[in-house]
Structure formats: C-alpha cells, structure tokens
Amino acid sequence: MNILTLFVIIPVLMLLGLWASRNIRQVRGVMVTGATSLLALSVWLTLYFIGERAAGNTSEMLLQSSVSWFPSLNICYAVGVDGISVVMLLLSSIIVFTGTFASWKLQPLTKEFFLWFTLLSTGVFGFFICIDLFAMFMFYEVALIPMYLLIGYWGSGKKEYAAMKLTLMLMGGSALIILGLVGIYFFNGATTMNILEIAHHNNIPSDVQNILFPFVFIGFGVLGALFPFHTWSPIGHGCAPTSVSMLHAGVLMKLGGYGCFRIAMYLLPSAANDLAWIFLILTTISVVYGAFSACVQTDLKFINAYSSVSHCGLVLFALLMMTRTACTGAILQMLSHGLMTALFFALIGMIYGRTHTRDIRELGGLMKIMPFLSVGYVIVGLANLGLPGFSGFIAEMTIFVGSFENSDTFHRCCTIIACTSIVVTAVYILRTVGFILFEKVTNPHYEELTDATWDERFCVCCLIFCVAGLGSFPLWASNVINGAVGNILSVIP
C-alpha cells in the first residue's frame, strides 16, 4: 500500500470511529487522534520530500503508484506528490487539527457534525494526492457535497439560502469541469487519465484547447472566487459554523486555484497562453473588488469573506502571470491565506460565541474584556495586511515582484492596479480593529464575558505560530514549491 493512501484511510477510520462513538468524550477522542495522525503524517511527508530533493531525486512526482479501477475507460487510482501537493496536504492537516479544537464545544449533534466534517476532509486530502483526472474529480465532489448540510443545519443567519446558493453554484462549476475533463480525455486519444502522461504526450489541437480551457478554468475558478462567480462565497462563509468556515476558506477554496494550475494550465498550455489575458482582467477585478467590498461591510464574517475573495483572486492573478516567481508566490499565498483566514474565522467564532453579535457597530472595548482573543485578532489583522515578519508579506511581495517581471504594459498595469488592494486592506483591517477592540464598551453585559478557554487558546496559538513561522522562515516552503512550479510552466509556450 502506498503511504499516500493513508491520507484517505485515516479519515475513513475516523468516520468509522465517530459512527461507533456513544458520547461526546469518545467523539472528541476520535477527532483528536485522527487529526493528530494526519498532522504527523503530513509533517513526515514534508520532511521526506525535502530529504529526497536534497539527495538528488528529481522525479516530477514522488511516491507514485497506480491501481486500475475501470480498465475499459483507463480510470486508475493513481497517486503521487510534488512540492505543491506536499504543502497543500500540510495546510489541510493543520486546519483539520485546529478546527477540531475550534469546535470542541459545538452543539447540537456534535457526532453528526464531525462525521460530515471528516467526510469533507476526506475529499480534500484525496484531491491533493491523486494524479488521475477521474479520481481527482471524484474526491473533489466528496469535498463539496457535505457543505450543504454543514451550513444548512449547523450554520446561522440565512443558512438554508446560503447552503443552497453555495451548492448550486459549485455544482454548476463541477458541470463545467466534467465537460472539460471529458474533452481532455477524448481529444488526447482516450488512452489515459493520468495527468503526467497527458501533459507529456499532449496531442490536443490548439483550437480545441481554446474551447476546453474556459470550461476547466471557470469551473475551478468558481470555487476560487473568480469574479463574477464569487457571490456564493460571502454568504456561505457568513452563515457557516466556525470550523467549517476555517476549512472552507482555509483549504476548500484552494482546490480551485490548485485545479486551475494543475489541470487547466498544465494540460491545456496553448490555451492558457492565448486566453490568459481575459481571465487576468477578471482576477484583477476580483482582487480590487473584494478589498473595496470588505471596506463597507459591518459583519465580521462578511469582512473576512470579502477579504478572502480578494486574496484568492490574487492567487489566480499570480498564476496567470505565468512567471516562475509569481506562480511560486501564488502557492505561498494559498498557504498563507489558508492559515490566516482560518485564524480569522476561529477568532470571529469565539467572539461571536460570547457576544452573540458579529456587527462591529455593536462591539467595542473587547481588548479590556478578552485580551487574549483581542491580541490574536490584532496579530492576524497585521498579517493579513502584509506586515513584514508574517506570511502575508512574503506571499504578496513574491507575487508582485514576479508579476512585474512581465515587461509588457498590460501585465504591468494589471500589477499596479492589484497593488492598490494592499492599501485598501489596511483600511478595513485597521477600521475593524479600532471599532471592536478600542472603542468604549457599548454593552454593559460585555463586562461579564470571559476570555478564551484552553481549547480556544491552543487553536489560536497553533495558527499564530504557523503564520509567524512561515513569515519568518519562508525559504523552505519556497524551495519545496519552486521545482513543481517550474515543471508545470515548462510546458506552457
């Protein structure tokens, strides 16, 4: 058995353990054991990958294996990882681990909630380890389907509407993806669904690529909050429970950027080169529009949701610049934003659980009342606006430097416009911090509130450690990512 399969087997065992659990203590024990095992496995995989590269192993994918599923359609369970997959698996395991503690006291139906949460995690891990188009799409759907129930039942506000809108839009994106994948398979000779084999023996005509590319890129772009298909994101995040928002914004949206890069651009390189300018305009709008929209929001979750639209737009923006530096920055941004937004949603959930409001106009003086959570919010806010020493600065600087390597006027104008989002981000972050932390206490009952409990402190400290660690020591991640980025860009004309 390939060790990568453990990323699917462990969540499946967690599902069985949760199903057999009879009380809340057993449920928590299963989740902590499983999440810790996934985190340990991803850390081992990262160290193994770094060691193999240092030893001179230049294989495009490590730990490859393939088992035939449906020979008549050339469908296999094929797995393998490169630098991009490795850091995405590490990110996913961190979010699942910390999300478990963020939902430590979730009620009601705790067991059922974690069952669906774990099923979602199974899809995410399976998507990142697979290199077969059919298997990737299958795990992609497994990751999307639980969102409907997780938001529709355990969410808040207009949760039924949010769950339905999210599901319909993402299923619409999935329909576009499957059309694109079927087209890639048949127009390449219908002999393999293995991504590496298709990329290395690509026989798809350029005019066909130009037709298929929008299907695949838009399909994955819907999940990556590509303008104007982003409208599900703010309402979906706003109504989702805390740990679901963490996993959704922190990891699930990254499936969109990963799919755009790994499938759309890698397997349809001629079309990526010809049509990138169209989607570059849309992603530039996403970056600026998301930042400006966050400025006018008064709900903490909606502020962070529109911030995610801007930052995930920046990922697609950097990928379409198609320079090695910019694309490396895009993967760093996926890693950085996943950690930051998970921390944001965790803190917002903890504040909401005490004050029962997310309206910044009704909050005030929280620094005096709950200093731990307030300091955590300040730290992640500074990381989000790109303060040096945190992950946001490294990712954004790499993106903008790499984007400016394109010497033509169009690409540089797009880069300059996208750079304005940095200033706008500072506006809404500092405005929010000022409102909720340093204004006078607006509700006398807030004086009776308590600060973070041990499980909340553990979750917040883990994420702060990761955000600061990546910002202070980014070179290891950049080195892991760089080779995989080069392999994908090498096939684009």
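Which residues have the most contacts inside the largest nonpolar core? The structure examined here is a predicted model, in which local features need pLDDT of at least 70 and side-chain atom pairs count only at pLDDT 80 or more, while totals for chains, interfaces and linings use all residues. Residues are numbered from 1 along each chain as its sequence is written, and side-chain values use heavy atoms, with hydrogens and water left out.

The secondary structure of the protein consists of 20 helices and 2 strands, where helices (H or I, at least four residues) and strands (E, at least two) are DSSP runs numbered from the N terminus. With a radius of gyration of 21 Å, close to the 23 Å that the globule rule gives for 493 residues, the protein is as compact as a globular protein of that length; this radius is taken over C-alpha atoms, and the rule is 2.2 Å times the number of residues to the power 0.38. Along the principal axes, the C-alpha atoms fill a box of roughly 70 × 60 × 45 Å.

Of the 493 residues, 61% are buried, a term that means under 20% relative accessible area, as opposed to exposed (over 50%) and partly exposed (in between), with a 1.4 Å probe and protein chains only. The largest nonpolar core has 186 residues, and those with the most contacts inside it are I84, I184, F213, L255, F261 and I263. Such a core is a set of buried Ala, Val, Leu, Ile, Met, Phe, Trp, Tyr and Cys residues joined through side-chain atoms within 4.5 Å. Helix α14 (residues 324-355) gives the most to this core, with 18 residues. When neighbours within four places in sequence are left aside, L255 is in contact (heavy atoms within 4.5 Å) with V124, F127, F128, Y140, A143, F220 and L223. Across the protein, residues 24 or more positions apart account for 82% of the contacts with a separation of 6 or more.

Two further regions illustrate the packing in detail. In helix α6 (residues 146-154), the buried residues are P146, M147, L150, I151, G152 and W154, and they pack against α4 (110-129), α5 (133-144), α7 (159-187), α10 (232-239) and α11 (242-267). V27, which lies in helix α2 (residues 24-54), counts as buried because its relative accessibility is 2%. Residues up to four places away in sequence not being counted, V27 touches L18, S21, T110, K111 and F114, whereas the C-alpha atoms of V27 and L179, 152 residues apart along the chain, are separated by 40 Å.
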